[in-house]
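Let's take a walk through this protein, one piece at a time. Have a look at the sequence and the model first, and then we'll dig in.

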Amino acid sequence: MVILLIGFSSAVALVLYAMRQNIMLFHTPSQVVAGEVQGNKLFRVGGLVVTGSVVKGNDGLTTEFDLTDMGRSIRVRYTGLLPDLFREGQGIVAQGLLNEKGVFVAQEVLAKHDENYMPPEVAASLKKQGVLLPYPHETD
């Protein structure tokens with residue numbers, strides 16, 4: 001019986017450790033600028049794409065843009081095809097790493113799927129900043 005208990009406890013501990021390693025934390029641009037994230041760990045950052053900040057690279061695949069939570073902004077670099085609904089002024093969530101120059105290098109960019117949706121993390125962050133959203137969100 002004791003051996004079963006030790007085996008079960010070990011299995012639970014290993015599962016919890018593996019889950020902890022795979023947790024993807026969400027941060028706002030203000031938290032990134034304040035240094036609240038580690039540069040060598042994957043995380044998600046969300047906000048609004050700053051109007052006039054989108055720059056396409058010569059290779060046709062690299063795009064850089066600024067992302068804001070209406071408090072602070074960070075530079076984001078993404079190489080790949082952006083979602084069809086990606087545009088300036090839009091709420092997005094990007095997943096990636098912060099490089100040594102403070103640029104967020106995205107591995108994935110997620111854009112809203114219709115005009116009435118914004119990722120809940122982005123809506124909550126903007127609401128916390130005092131930004132009035134033009135339509136209802138899950139955080140209301």
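Is Gln90 buried or exposed? Gln90 is buried: its relative accessible area is 4%, and the cut-off for buried is under 20%. Keep in mind as you read on that this is a predicted model.

**The overall layout**

Before going further with Gln90, here's the big picture. The protein is built from three helices and seven strands. Follow the chain along the sequence and you'll meet them in the order α-β-α-β-β-β-β-β-β-α. There are 140 residues in the protein, and 34% of them are buried. On the outside, the protein exposes about 8900 Å², with carbon and sulfur atoms supplying 58% of that area. If you take the contacts with a separation of 6 or more, 46% of them are between residues 24 or more positions apart.

**Two buried polar residues in loops**

Back to Gln90. You'll find Gln90 in the loop that runs between strand E5 (73–79) and strand E6 (91–98). The side chain of Gln90 has a polar contact with the side chain of Arg87, at 2.8 Å. Now look for Val50: along the sequence, Gln90 and Val50 are 40 residues apart, yet in space their C-alpha atoms are 8.2 Å apart.

Val50 also comes up when you look at Ser53. Where is Ser53 found? Ser53 belongs to the loop between strand E2 (43–49) and strand E3 (55–56). With a relative accessible area of 7%, Ser53 is buried. The side chain of Ser53 reaches the backbone oxygen of Val50 at 2.7 Å. A polar atom of that Ser53 side chain also lies 3.0 Å from the backbone nitrogen of Asp66. Leaving out residues up to four places away in sequence, Ser53 touches Glu64, Phe65, Asp66, Arg75 and Glu88.

**A network of charges**

Some of those neighbors of Ser53, among them Glu64, Asp66 and Arg75, show up again here. How many salt bridges does the structure hold? There are three, and here they are with their N to O distances.

| Salt bridge | Distance |
|---|---|
| Arg75 and Glu64 | 3.2 Å |
| Glu64 and Arg77 | 2.8 Å |
| Asp66 and Arg75 | 3.0 Å |

Start with the pair Arg75 and Glu64, which meet through their side chains. Arg75 lies in strand E5 and Glu64 in strand E4 (residues 62–68), so this pair ties together parts that are eleven residues apart in sequence. Next comes Glu64 with Arg77, joined by a salt bridge too. Here Glu64 is again in strand E4 and Arg77 is in strand E5, so the parts tied together are 13 residues apart in sequence.

How covered are these residues? Arg75 is partly exposed, at 22% relative accessible area, and Glu64 is partly exposed at 21%. Arg77 counts as partly exposed with 28% relative accessibility, and so does Asp66 with 23%. Through shared partners, the salt bridges join Glu64, Asp66, Arg75 and Arg77 into one network.

**A turn-off between E4 and E5**

Between E4 and E5 there's a loop, and Met70 is found in it. What is the phi of Met70? Met70 has a positive phi of about 70 degrees, although Met70 is not a glycine. As background, most residues other than glycine have a negative phi.

**The nonpolar core**

Finally, head for the largest nonpolar core, which has 18 residues. Which of its residues touch the most other members? They are Val45, Leu67, Ile92, Phe104 and Val109. The elements giving two or more residues to this core are E2, E4, E5, E6 and strand E7 (104–111).

Val45 is a good one to click on. Not counting residues up to four places away in sequence, Val45 touches Phe26, His27, Thr28, Pro29, Val32, Leu67, Ile74, Ile92, Val93, Ala94 and Phe104.

Terms used: Residues numbered from 1 in each chain as written. Predicted model: local features only at pLDDT ≥ 70, side-chain atom pairs only at ≥ 80, totals over all residues. Heavy atoms only, no water. Helix = DSSP H or I, 4+ residues; strand = E, 2+ residues; numbered from the N terminus. Buried < 20%, exposed > 50% of the residue type's maximum accessible area, 1.4 Å probe, protein only. Polar contact = N/O pair within 3.5 Å; in protein donor to acceptor, adjacent residues only side chain to side chain. Contact = heavy atoms within 4.5 Å. Salt bridge = Lys/Arg side-chain N within 4 Å of Asp/Glu carboxyl O. Areas by Shrake-Rupley, 256 points an atom, 1.4 Å probe, with all protein chains shown as cover. Core = buried A, V, L, I, M, F, W, Y, C linked by side-chain atoms within 4.5 Å.
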